[in-house]
Amino acid sequence: MWNRLIMFTGVCVGLAGIGLSQQSVSGVSGPDAISARQASLDMSAITFRSMRDAVNGGREAKTQAYAAAALAKWAKALPRLFPAGTAVGETIVNTQALPAIWRDRAGFEEAAAYYAETTAKLATLAASNDTAGFTKQLDEVNQACASCHARYKGGDQGPPKK
Ligand code: HEC
């Protein structure tokens with residue numbers, strides 16, 4: 001009986017948690033958002049390089065469909081991981097997110113939308129196995145990364161050295 005009660009309570013707490021996270025990111029702290037976005041951006045760099053290495057090594061675009069779709073999925077989630085109060089100087093956590101992201105939110109959202117568009121196209125080209133188109137589209141995606149970084153990311157530009 002106690003076991004069932006404890007289980008029931010656990011389910012309620014679990015459901016309450018789900019409700020909260022679907023409504024807003026308020027359930028995620030600023031430092032959590034920063035570590036999640038930095039990890040995703042690091043994995044984006046790894047994913048991007050592995051796709052480029054694959055086609056340079058003569059592999060067909062369709063072998064990169066999963067990687068391209070993953071990048072497109074992340075591109076749509078990206079802006080939500082930049083909640084207010086997480087710019088450099090506003091938090092004790094190490095971040096390269098410039099205050100310009102919040103000062104010029106429309107521009108940042110536009111840069112993210114362009115990134116989402118270029119990665120969605122990349123995923124479509126991979127799915128249809130258009131290797132020449134896919135290879136060209138990688139340059140467009142790279143451009144979307146670089147143009148956002150130039151305006152909204154501090155520190156070193158270009159691919160990470162780590
Ligand atoms: C819409 C803007 C935007 C786009 C698009 C974007 N980035 Fe970034 N990127 C940022 C910002 C802002 C930061 C700083 C985040 C922080 O330190 O909290 C960052 C940080 C990074 C970092 C450092 C992460 C760390 O551990 O500190 C890497 C690596 C990176 N981006 C790679 C990429 C790659 C590769 C792409 C494209 C495939 C890309 N980014 C697309 C805005 C963007």
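1. Let's start on the outside of one helix, α6. On the face turned away from its buried side, α6 carries the exposed residues Ala132, Lys136, Asp139 and Ala150. Please keep in mind as you read that this is a predicted model.

2. Now turn to the other side of α6. Its buried residues are Phe134, Gln137, Leu138, Val141, Ala144, Cys145 and Tyr152. If you look down the axis of α6, these buried residues fall within an arc of 125°, so they line one face of the helix. What do the buried residues of α6 pack against? Their partners are α2, α4 (100-103) and α5. As for its length, α6 has 22 residues and reaches 32 Å from its first C-alpha to its last, close to the 32 Å expected at 1.5 Å a residue.

3. Let's step back to the whole chain. It has 6 helices and 0 strands, so to read the order of elements from the N terminus, you simply go α-α-α-α-α-α. The chain has 162 residues, and 23% of them count as buried. Among contacts with a separation of 6 or more, 67% are accounted for by residues 24 or more positions apart.

4. Helix α2 is a good one to trace next. With 27 residues at 1.5 Å each, α2 should span 39 Å, and its end C-alpha atoms are 39 Å apart, which agrees. Its buried residues are Ala33, Ile34, Arg37, Phe48 and Met51, and they pack against α3 and α6. Just after α2 comes Gly58, with a positive phi of about 90°.

5. Here is a second positive phi to find. Asn129 has one of about 55° although it is not a glycine. Where does Asn129 lie? Look in the loop between α5 and α6. Asn129 counts as partly exposed because it has 14 C-beta neighbours inside 10 Å.

6. On to the inside. The largest nonpolar core has 30 residues, and those with the most contacts inside it are Ala68, Ala72, Tyr115, Leu122 and Ala126. At least two residues of this core come from each of α2, α3 (65-77), α5 and α6. Which helix gives the most to this core? That is α5, with 9 residues. As background, in soluble globular proteins nonpolar side chains tend to be buried together.

7. Ala126 is worth a closer look. Leaving out residues up to four places away in sequence, Ala126 touches Ala61, Lys62, Gln64, Ala65, Ala68 and Phe134. You have already met Phe134 as one of the buried residues of α6.

8. Helix α3 also holds Ala70. Is Ala70 buried or partly exposed? With 15 C-beta neighbours inside 10 Å, Ala70 counts as partly exposed. Ala70 and Ser44 are 26 residues apart in sequence, and their C-alpha atoms are 8.9 Å apart in space.

9. Finally, the ligand. Of the 23 residues around the ligand, Gln38, Leu41, Tyr115, Cys145 and Cys148 come nearest. Helices α2 (30-56), α5 (105-127) and α6 (131-152) each supply at least two residues of this shell, and the largest share, 8 residues, comes from α2. By class, the shell has 15 nonpolar, 5 polar and 3 charged residues. Two of these names should be familiar: Tyr115 is among the residues with the most contacts inside the largest nonpolar core, and Cys145 is one of the buried residues of α6.

Key:
Residues numbered from 1 in each chain as written. Predicted model: local features only at pLDDT ≥ 70, side-chain atom pairs only at ≥ 80, totals over all residues. Near = placed C-beta within 6 Å. Helix = DSSP H or I, 4+ residues; strand = E, 2+ residues; numbered from the N terminus. Nonpolar A, V, L, I, M, F, W, Y, C, P; charged D, E, K, R; others polar. Core = buried A, V, L, I, M, F, W, Y, C linked by C-beta atoms within 7 Å. Buried ≥ 20, exposed ≤ 12 C-beta atoms within 10 Å, placed from the backbone. Contact = placed C-beta atoms within 7 Å. Expected span 1.5 Å × (residues − 1). Arc of directions from axis to C-beta.
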